[in-house]
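Me: Hi! Could you walk me through this model while I have it open? I'll jump around a bit, if that's fine.

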Amino acid sequence: VALVQWTESVGLTLVGRDQSSMQLRTPGGHILNFTILQIFPFTYESKRMGIIVRDESTGEITFYMKGADVVMAGIVQYNDWLEEECGNMAREGLRVLVVAKKSLTEEQYQDFEARYVQAKLSVHDRSLKVATVIESLEMEMELLCLTGVEDQLQADVRPTLETLRNAGIKVTNRGEAHLELNAFRRKHDCALVISGDSLEVCLKYYEYEFMELACQCPAVVCCRCAPTQKAQIVRLLQERTGKLTCAVGDGGNDVSMIQEADCGVGVEGKAVFSSVFYFASVPLYQGFLIIGYSTIYTMFPVFSLVLDKDVKSEVAMLYPELYKDLLKGRPLSYKTFLIWVLISIYQGSIIMYGALLLFESEFVHIVAISFTSLILTELLMVALTIQTWHWLMIVAELLSLSCYIASLVFLHEFIDVYFIATLSFLWKVTVITLVSCLPLYVLKYLRRRFSPPSYSKLTS
């Protein structure tokens with residue numbers, strides 16, 4: 001968004017964009033039309049993204065790419081100022097983005113497209129083959145520009161990082177890794193700074209030596225690492241030191257690292273449970289409970305909602321006025337969104353505090369009561385949204401509930417099987433679920449009674 005807004009400020013405006021085309025307006029008011037031939041999305045592993053477009057006025061085909069400076073340095077044509085400018089921006093605390101392009105003839109593109117389609121149809125090693133075909137284009141690209149965006153580095157941290165860089169390791173092959181590690185071994189009280197590509201070389205050839213040096217350093221900074229590398233570092237620290245590890249992350253590329261550590265912390269993580277227990281990093285639901293909630297325990301009723309109908313097809317075709325509300329976007333308004341957020345807060349609080357209030361003597365009872373209430377609440381909330389019932393919807397509700405009940409036999413690690421068979425468990429879950437859902441059902445009834453939707457007259 002920032003890049004698009006900046007180009008608009010200098011006169012080049014994006015006026016149209018869909019999956020297959022885009023339109024730009026030049027400072028002179030002319031409209032340039034481009035056909036989008038291919039899009040290569042950004043991934044945390046590749047750290048770059050690309051697009052191939054055809055200029056409709058000239059027929060010229062161009063491959064554009066933008067990505068992190070570390071990756072793009074090996075893709076663009078050699079120049080003597082890229083590394084220097086990247087260093088200048090980094091010293092200002094900016095994260096550098098490199099933009100490059102490459103012109104393609106029609107024959108070159110047709111050859112690439114044939115290989116690309118063939119790779120995507122592969123049964124074995126599809127991702128690797130697709131990446132290999134794309135990389136065949138990523139050679140000798142013309143450097144267009146650099147741009148820097150403000151990173152999270154604070155002003156007082158930048159000098160420290162600059163000092164640390166003097167003790168950094170930058171290698172591209174086994175020989176360089178051997179020399180750099182030996183040189184670093186002779187230094188004392190130096191923090192180690194290493195980038196992801198250099199780290200990969202060191203761990204490939206000198207894993208033991210590198211980890212030995214890293215554990216002796218007062219501080220180690222691993223920057224621009226892939227998600228798999230982050231998880232690998234945590235795993236190696238566990239193996240080499242025999243100590244507990246803690247990983248803190250704030251993004252999707254940190255998930256593998258957080259899961260690998262003995263104690264994983266997601267910076268943006270919120271739950272009612274954490275606030276009650278002084279924001280402890282211990283999750284309430286672990287292991288298969290989380291996976292099961294997102295899949296077999298709740299997915300069948302949600303999928304069955306495709307069978308729901310406000311009105312019959314014949315009625316919808318007969319009264320076109322019914323489409324007016326959809327055109328105005330009222331069902332997807334901010335009001336609707338906020339209502340569902342408030343419902344979530346209400347039900348989450350009732351389930352969590354209800355379980356805390358009614359649990360007996362063991363922590364595992366909180367899990368059993370709250371999770372069972374959560375599953376029942378989810379199934380009842382799906383039922384609450386249904387306008388017209390279909391027999392498959394009933395089957396879906398019963399199937400999900402049956403899957404949960406059947407799986408309780410195997411969840412003894414998380415839920416006390418003997419406790420859930422007691423009358424105490426049953427009445428506590430019933431009370432919490434009713435308090436969580438019954439008010440919403442009452443409100444739905446009152447709303448339909450006193451403020452029915454416009455189509456209700458046609459269905460009565």
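Me: How do the axes of helix 9 and helix 10 cross?
Reply: This is a predicted model, and in it the two axes cross at roughly 80 degrees and come within 11 Å. Since the range from 65 to 115 degrees counts as roughly perpendicular, helix 9 is therefore roughly perpendicular to helix 10.

Me: Nice. Which residues meet there, in helix 9 and in helix 10?
Reply: Helix 9 brings E207, Y208, M211 and C215, and helix 10 brings L236, L237, R240 and T241.

Me: And helix 8 with helix 10, at what angle do they pack?
Reply: About 45 degrees, with the axes 11 Å apart. Helix 8 covers residues 196-205. The pair is therefore oblique, and helix 8 passes helix 10 in a left-handed crossing. On the helix 8 side the contact is made by G196, L199, E200 and L203, and on the helix 10 side by Q229, Q232, I233 and L236.

Me: L236 rings a bell. Where else does L236 turn up?
Reply: L236 is among the helix 10 residues that meet helix 9, and L236 also takes part in the contact with helix 8.

Me: Let's stay on helix 10 for a second. Is K230 buried or exposed?
Reply: K230 is buried, because its relative accessible area is 18% and buried means under 20%. K230 lies in helix 10, which spans residues 227-241.

Me: What does K230 touch, apart from residues up to four places away in sequence?
Reply: C225, N253, D254 and M257.

Me: OK, another pair. How are helix 7 and helix 9 oriented to each other?
Reply: They pack at an angle of about 30 degrees, with axes 11 Å apart. Angles under 35 degrees count as roughly parallel, so helix 7 and helix 9 are roughly parallel to each other. Helix 7 runs over residues 174-185 and helix 9 over residues 207-216. The crossing of helix 7 past helix 9 is left-handed.

Me: Which residues of helix 7 and helix 9 meet?
Reply: From helix 7, L181, F184 and R185; from helix 9, E209, F210, E212 and L213.

Me: Switching to the C-terminal part of my list. Where does L380 sit?
Reply: L380 is in helix 18, residues 363-385. With a relative accessibility of 32%, L380 counts as partly exposed.

Me: What is L380 in contact with, leaving aside neighbours within four places in sequence?
Reply: Three residues are listed for L380: T433, C437 and Y441. As for Y441, it is 61 residues from L380 in sequence, while their C-alpha atoms are 9.4 Å apart in space.

Me: And T433, which helix is that in?
Reply: Helix 21, residues 423-450. T433 is buried, at a relative accessible area of 8%. Setting aside neighbours within four places in sequence, T433 contacts S373, L376, T377, L380 and L438.

Me: Now the backbone. What is the phi of D125?
Reply: Near 55 degrees, which is a positive value in a residue other than glycine. D125 is in the loop between helix 4 (106-120) and helix 5 (126-135). At 52% relative accessibility, D125 counts as exposed, because exposed means over 50%.

Me: What about the phi of E140?
Reply: E140 has a phi near 50 degrees, again positive in a residue other than glycine. E140 is in the loop between helix 5 and strand 7 (142-150), and is exposed with a relative accessible area of 55%.

Me: Zooming out, how many helices and strands does the protein have?
Reply: The protein has 22 helices and 12 strands. It has 460 residues, of which 34% count as buried. The exposed area is about 28700 Å², and carbon and sulfur atoms supply 61% of that.

Me: How many of the contacts between residues at least 6 apart join residues at least 24 apart in sequence?
Reply: Of those contacts, 62% do.

Me: Last one: what pLDDT does the protein average?
Reply: The average is 82, and 87% of the residues score at least 70. Over residues 152-166 the pLDDT is below 50, and that stretch has 14 contacts in the model beyond near neighbours in sequence.

Me: Great, thanks for the tour!

How values were computed
Residues are numbered from 1 along each chain as its sequence is written. This is a predicted model: local features need pLDDT of at least 70, side-chain atom pairs count only at pLDDT 80 or more; totals for chains, interfaces and linings use all residues. Side-chain values use heavy atoms; hydrogens and water are left out. Helices (H or I, at least four residues) and strands (E, at least two) are DSSP runs, numbered from the N terminus. Buried means under 20% relative accessible area, exposed over 50%, partly exposed in between (1.4 Å probe, protein chains only). Contact means heavy atoms within 4.5 Å. Accessible areas come from the Shrake-Rupley method with a 1.4 Å probe; for residues, only the protein chains shown count as cover. pLDDT is the predictor's confidence in each residue, from 0 to 100. Axes are lines fitted to C-alpha atoms, for helices over the stretch in contact, and angles run from 0 to 180 degrees between N-to-C directions. Angles under 35 degrees count as roughly parallel, over 145 as roughly antiparallel, 65 to 115 as roughly perpendicular and the rest as oblique. A crossing is left-handed if the near helix is turned anticlockwise from the far one by less than a right angle, and right-handed if clockwise.
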